[in-house]
Amino acid sequence: MVAVGFAVFETAIGHCGIAWSEDAVVGSQLPEGDPERTRARLRAAFPDAVEREPSALARRAIEGVTALLRGEDPDLSAVALDLSRVPPFHRRVYELARTIPPGSTMTYGEVATRLGDPGSARAVGQALGSNPFAPIVPCHRILAAGGKPGGFSARGGTATKRRMLEIEGCYLEPPALFDV
């Protein structure tokens, strides 16, 4: 069995978390409201993981996520992900989602069509709802038809999704004068 480590780290939207093995990130976690809840969520997902100082691989991922949530444009595509526990369809959805640049969006239907299965928009939504790598796999950039936010399983739901998009300069509704 590969030893898994995890860490909780502060970002502009709260304390996120990451779990990693020697070779790849095995999971990441958006904030749960406070560091202890984020830590508990990581422990539930990775019961054998040990909290420790991040490895070099984990540090690079943490730096990228932190920069992303500050409104910068880091390249998270180089972060190695362990997709071994992910079903093949989900893997394809996550790989496509990783190609959407900050500040851009696609709809569930557009993702389904790009995957060559235009009738699978609902399955795309289900895959994103169980994304174990948010925001490294930027599921917040995928919307429902008509530019509506759709669902979002992170704490705060669609309000968190909107906030993450706004950090990237993408507004689902025109911002008010003092919002920008």
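**Exercise 1. Helix α2**

What span should the 13 residues of helix α2 (residues 56–68) have at 1.5 Å a residue, and how far apart are its end C-alpha atoms? Then state which residues of α2 are buried and what they pack against.

*Solution.* The structure is a predicted model.

Step 1. The expected span of a helix is 1.5 Å times one less than its number of residues. For the 13 residues of α2 this gives 18 Å.

Step 2. The end C-alpha atoms of α2 are 18 Å apart, so the expected span and the model agree.

Step 3. The buried residues of α2 are Leu57, Ala58, Ala61, Ile62, Gly64, Val65, Thr66, Ala67 and Leu68.

Step 4. These buried residues of α2 pack against the strands β1 (5–11), β2 (14–20) and β3, and against helix α6 (157–167).

**Exercise 2. Buried or exposed**

Decide for Val26, Arg39, Glu53 and Pro174 whether each is buried or exposed, and place each in the chain.

*Solution.* The cut-offs are under 20% relative accessible area for buried and over 50% for exposed.

Step 1. Val26 belongs to strand β3. Its relative accessibility is 8%, so Val26 is buried.

Step 2. Arg39 sits in helix α1. With a relative accessibility of 13%, Arg39 is buried as well.

Step 3. Glu53 lies in the loop between β4 (50–51) and α2. A relative accessibility of 69% makes Glu53 exposed.

Step 4. Pro174 is in the segment after α6. At 78% relative accessibility, Pro174 is exposed.

**Exercise 3. Sequence and space**

For Val26 and Arg39, list the contacts beyond four places in sequence. For Val26, Glu53 and Pro174, compare a separation along the chain with a distance in space.

*Solution.*

Step 1. Leaving aside neighbours within four places, Val26 is in contact with Val4, Ala19, Trp20, Ser21, Phe46, Asp82, Arg85 and Phe133.

Step 2. One of these contacts, Arg85, is 59 residues from Val26 along the chain, while the two C-alpha atoms are separated by 8.9 Å.

Step 3. With neighbours within four places left out, Arg39 is in contact with Phe6, Val8 and Glu51.

Step 4. Glu53 and Gly5 are 48 residues apart in sequence, and their C-alpha atoms are 8.1 Å apart.

Step 5. Pro174 and Thr11 are 163 residues apart along the chain, and 25 Å separate their C-alpha atoms.

**Exercise 4. Domains and the largest pocket**

Why does the largest pocket lie between domain 1 (5–70) and domain 2 (88–168)? Describe its lining as well.

*Solution.*

Step 1. The domain assignment gives domain 1 (5–70) and domain 2 (88–168). The contact between them takes 17 residues from domain 1 and 14 residues from domain 2. Taken over C-alpha atoms, the domain centres are 20 Å apart.

Step 2. The largest pocket holds about 460 Å³ of space. Its lining has 28 residues, and Ser28, Ser130, Asn131, Pro132 and Phe133 lie nearest the centre.

Step 3. At least two lining residues come from each of β3 (25–29), α1 (35–45), α3 (88–97) and α5 (121–129). The largest share, 4 residues, is from β3.

Step 4. By type, the lining has 15 nonpolar, 8 polar and 5 charged residues.

Step 5. Both domains give residues to this lining, so the largest pocket lies between them.

How values were computed
Residues numbered from 1 in each chain as written. Predicted model: local features only at pLDDT ≥ 70, side-chain atom pairs only at ≥ 80, totals over all residues. Heavy atoms only, no water. 1 Å grid on protein atoms, 1.4 Å probe; cavity = no way out; pocket = protein on both sides within 12 Å on 5 of 7 lines; lining within 4 Å. Points joined across faces, edges and corners; volume = space filled by probe spheres on them. Nonpolar A, V, L, I, M, F, W, Y, C, P; charged D, E, K, R; others polar. Domains from an automatic or database assignment. Buried < 20%, exposed > 50% of the residue type's maximum accessible area, 1.4 Å probe, protein only. Contact = heavy atoms within 4.5 Å.
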